[in-house]
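I opened this notebook to keep track of what I looked up, one topic at a time. I wanted to begin with the aromatic rings and then turn to the helices and a few single residues.

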Amino acid sequence: AAGYSVGEFAALVFAGALGFAEALYAVKVRAEAMQRASEVVPSGMLSVVGRREANYKFACLEARKHCESLGIENPVCTVSNYLFPDSRVIAGHLQALEFLQENARKYYFKRTKMLPVSGAFHTRLMEPAVEPLAEVLKSIEIQKPLLCVYSNVDGKKYMHSKHIQKLLVKQVVSPVLWEQTMHSVYERKQGTEFPYTYEVGPGNQLGAILKQCNLKAWKQYKHVDALEDEEAAET
């Protein structure tokens, strides 16, 4: 199992590591703390599809230099989500993201789009949210997962309950390594069949990302919309 950003809590509930109610409470505390952190600095997230030549780190460095020229101290502009080859989300100060949009051609960005979010999630601008989440996770009983769950922080399997507690906190200020996670999940010897993959919940964006990362694995993919199933049961 794996979950994208806040979806990692759902993956851990599914794997029996977290209780549903406790996980929901932790998500509420996390969301409120991240919202408060967002209100401190005008910041956001920019979805980018780049050409092969795109150098995201260099583009972010130049965007930070631009912010410094505007008098912004210690500016933030960094890759916050690795989606699939040639697709990233960059997060940080709004002025940095505007600079990247204006100079998209220079950095070999084919498409840029501001995401409808209030802050620079998965960057150090979320540091004020670390302590509230750490506190609530200390109060929750975390079990060893019944099946492998992959962490957004390093794209590797969680080892034990303390590991989960530590990395769920770190995830708030760390980039989501989703592309790397997909490679970890589907890595197998040549000739080995790919497993069935189910995306549960609203939207099928993770399926679209999987198709870009691993076409063979995607052929065994199915989307399960929980709301549709509930509606069918009621009628």
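Before searching for ring pairs I fixed the rule: rings of Phe, Tyr and Trp (its six-membered ring) pair if their centres lie within 6.5 Å, and planes under 30 degrees apart count as stacked, over 60 as edge-to-face and the rest as tilted. I also noted that what I have here is a predicted model.

**Entry: aromatic pairs**

With that rule, my search of the whole structure gave six aromatic pairs. I looked up F58 and Y107, whose ring centres are 6.2 Å apart and whose planes stand at 70°, so I wrote the pair down as edge-to-face. I then asked where the two partners sit: F58 belongs to helix α3 (residues 56-69), while Y107 is in the loop between α4 (94-102) and β4 (109-114), so the pair ties together parts that are 49 residues apart in sequence.

For the surroundings of these two rings I checked accessibility, taking under 20% as buried and over 50% as exposed. F58, at 38% relative accessibility, counts as partly exposed, whereas Y107 is buried with a relative accessible area of 3%. Another pair I examined is Y186 with F194, which is tilted, with 6.4 Å from centre to centre and 50° between the planes; both of these residues are buried. I also found that ring pairs link Y56, F58, F99, Y107 and F109 into a cluster.

**Entry: helices α7 and α8**

Y186 led me on to helix packing, since Y186 is among the α7 residues in contact with α8. How are two packed helices described? The angle between their axes and the distance between the axes describe them.

Helix α7 (residues 178-186) and helix α8 (residues 205-213) pack at an angle of about 70°, and I noted their axes as 10 Å apart. Angles of 65 to 115 degrees count as roughly perpendicular, and α7 and α8 are therefore roughly perpendicular to each other. Their crossing is right-handed. On the α7 side the contact is made by W178, E179, M182, H183 and Y186, and on the α8 side by L206, I209, L210 and C213. Sorting this contact by class, I recorded seven nonpolar, one polar and one charged residues.

**Entry: helices α1 and α6**

I next looked up helix α1 (residues 7-14) and helix α6 (residues 161-171), whose axes come within 11 Å and cross at roughly 160°. That angle makes α1 roughly antiparallel to α6, and the crossing of these helices is right-handed. The residues in contact are E8, F9 and L12 from α1, together with I164, L168 and Q171 from α6. By class, I entered four nonpolar, one polar and one charged residues for this contact.

**Entry: Q171 and V136**

Is Q171, in helix α6, buried or exposed? I found Q171 buried, with a relative accessible area of 1%. Setting aside residues up to four places away in sequence, Q171 touches S5, E8, R30, H122, N152 and V153.

I closed with V136, which is found in helix α5 (residues 130-138) and is buried, with a relative accessible area of 7%. Leaving out neighbours within four places in sequence, I listed Y25, A26 and V29 as the contacts of V136. I also looked up V136 against R52: they are 84 residues apart along the chain, and their C-alpha atoms are separated by 42 Å.

Key
Residues are numbered from 1 along each chain as its sequence is written. This is a predicted model: local features need pLDDT of at least 70, side-chain atom pairs count only at pLDDT 80 or more; totals for chains, interfaces and linings use all residues. Side-chain values use heavy atoms; hydrogens and water are left out. Axes are lines fitted to C-alpha atoms, for helices over the stretch in contact, and angles run from 0 to 180 degrees between N-to-C directions. Helices (H or I, at least four residues) and strands (E, at least two) are DSSP runs, numbered from the N terminus. Angles under 35 degrees count as roughly parallel, over 145 as roughly antiparallel, 65 to 115 as roughly perpendicular and the rest as oblique. A crossing is left-handed if the near helix is turned anticlockwise from the far one by less than a right angle, and right-handed if clockwise. Contact means heavy atoms within 4.5 Å. Ala, Val, Leu, Ile, Met, Phe, Trp, Tyr, Cys and Pro count as nonpolar, Asp, Glu, Lys and Arg as charged, and the others, Gly among them, as polar. Buried means under 20% relative accessible area, exposed over 50%, partly exposed in between (1.4 Å probe, protein chains only).
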